[in-house]
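Trainee: Got a minute to go through a structure with me? I'd like to learn how to read one.
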Amino acid sequence: VTSLDSPPPPIAEAPDHLSHLKEKEPNDLPEQALKFSVGTMIDGSIGAPGDRDTFKFEVEAGQQLVFEIETPEVKPPHFNPRLELRGEKGNELLTSIHMVSQRYGGGGIPSNYLKAAEPKVIYTFERSGHYYLEIRDVTSRYGNSDYVYRLVVRPQIPHVGAFEVNPADRINLIPGQARKLNIVTYQEEGFSGEVLFTCSGLPTGVKLFPGAEVDGKERPNEISEKEEIFVPDVQKTTLVLLADPEAPVTRMPQWLTLEARPIVGGQVGSPLPVAEIPLMVVKPERAELSKDTARD
């Protein structure tokens, strides 16, 4: 716990592959913008309500960049930094404000609402030239020396992101029956390769088979504005666990270890940890009891 009189934590040094820029005032207006180059970590603060920090940088046509912002001290919802990208003439190209259209009722009546001020956005520049970044609080009502932000502007790095596994808490298999294992893979920053899943730790008599992959781009009833700059593509994969009719019942849970390997251009990458799930082969009555317990 940090008291009100405690000094703020030190600003982290920029990684070796990034330059480091400390924001300084005055920089509210475009003509006061601080210049930086792509591959820079910027440390700044919204020092007072209504404060705006403006920066200027140059890109080449076709560059694909990532803008990542974090708040090391005052966290959301108290501090929500808003990032805005502008062209040379001051025209707005994107913001970090993620708007969503949600459809309600039988008629599908749309209703727009703010989902979040996202900490990460991506953008592909069609034209070479100078561009401007502006950082401020999303409401312009708050600001002091504690409203610190850290902004990184870097090239996109296509990669595999987070995994979601269902079920992830436990799996009970009855001899002769099968269970589905559904995996969602987030494909960050334009990753377009494939993902191979492997597992170890299966009990005797249990095998793992690939199932049908599902199109992961469908998001019913919810439409994001400029979705491509906020939301990564997803890959949905179904695996099937099958217990032989003669598979022996396990006395203790066996830990199924699931790993993923990205495949790009036919080259297989290093294994990535996905999940460890307790798995048992049980008698039918044990499986029913487990379901009842889960419902309670």
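Mentor: Let's take the overall make-up, then the sheets, then the charged residues.

Trainee: Okay, anything I should know before we start?
Mentor: Yes, this is a predicted model, so to speak of local features we need pLDDT of at least 70, and side-chain atom pairs count only at pLDDT 80 or more, while totals for chains, interfaces and linings use all residues. Residues are numbered from 1 along each chain as its sequence is written, and side-chain values use heavy atoms, with hydrogens and water left out.

Trainee: How many helices and strands are there?
Mentor: The protein chain has 2 helices and 22 strands. Those are DSSP runs numbered from the N terminus: helices are H or I with at least four residues, strands are E with at least two.

Trainee: And how much of the chain is buried?
Mentor: Of its 296 residues, 40% count as buried. Buried means under 20% relative accessible area, exposed means over 50%, and partly exposed is in between, using a 1.4 Å probe and protein chains only.

Trainee: Let's do sheets. What order do the strands take in the one with 5 strands?
Mentor: That open sheet runs 1-3-12-5-10, with mixed pairing. Two strands pair if DSSP finds at least two bridges between them.

Trainee: Which strands stand at the edges?
Mentor: Strand 1 (19-22) and strand 10 (120-124) do, each with a single partner strand, so one side of each has no neighbour in the sheet.

Trainee: How do strand 3 and strand 12 run, parallel or antiparallel?
Mentor: Strand 3 (residues 40-45) and strand 12 (residues 148-155) run antiparallel and are joined by 6 bridges. Ile-42, for example, has Leu-151 in strand 12 as its bridge partner.

Trainee: What about the sheet with 4 strands?
Mentor: It's an open sheet too, in the order 13-15-19-17, and its pairing is antiparallel. Strand 13 (159-166) and strand 17 (206-210) are the edge strands, each pairing on one side only. Strand 13 and strand 15 (residues 178-188) are joined by 6 bridges.

Trainee: Switching to charges: how many salt bridges are there?
Mentor: The count is 12. A salt bridge here is a side-chain nitrogen of Lys or Arg within 4 Å of a carboxyl oxygen of Asp or Glu.

Trainee: Which residue does Arg-150 meet in a salt bridge?
Mentor: Arg-150 meets Asp-43, at 3.1 Å from N to O. Arg-150 sits in strand 12 and Asp-43 in strand 3, 107 residues apart. Both Arg-150 and Asp-43 are buried.

Trainee: And Arg-154?
Mentor: Arg-154 forms a salt bridge with Glu-68, their closest N and O atoms being 3.1 Å apart. Arg-154 lies in strand 12 and Glu-68 in strand 5 (residues 64-70), so the pair ties together parts 86 residues apart in sequence. Arg-154 is buried, at 13% relative accessible area, whereas Glu-68 is partly exposed at 28%.

Trainee: Which residues are linked in a network of salt bridges?
Mentor: Arg-52, Arg-82, Glu-84, Arg-86, Glu-134 and Arg-136.

Trainee: Last one: where is Lys-56, and how far away is the nearest side chain of opposite charge?
Mentor: Lys-56 is in strand 4 (residues 53-59). Lys-56 is buried yet has no salt bridge, and the nearest side chain of opposite charge, Glu-88, is 6.7 Å away. For charge, Lys and Arg count as positive and Asp and Glu as negative, with His and the chain ends not counted.
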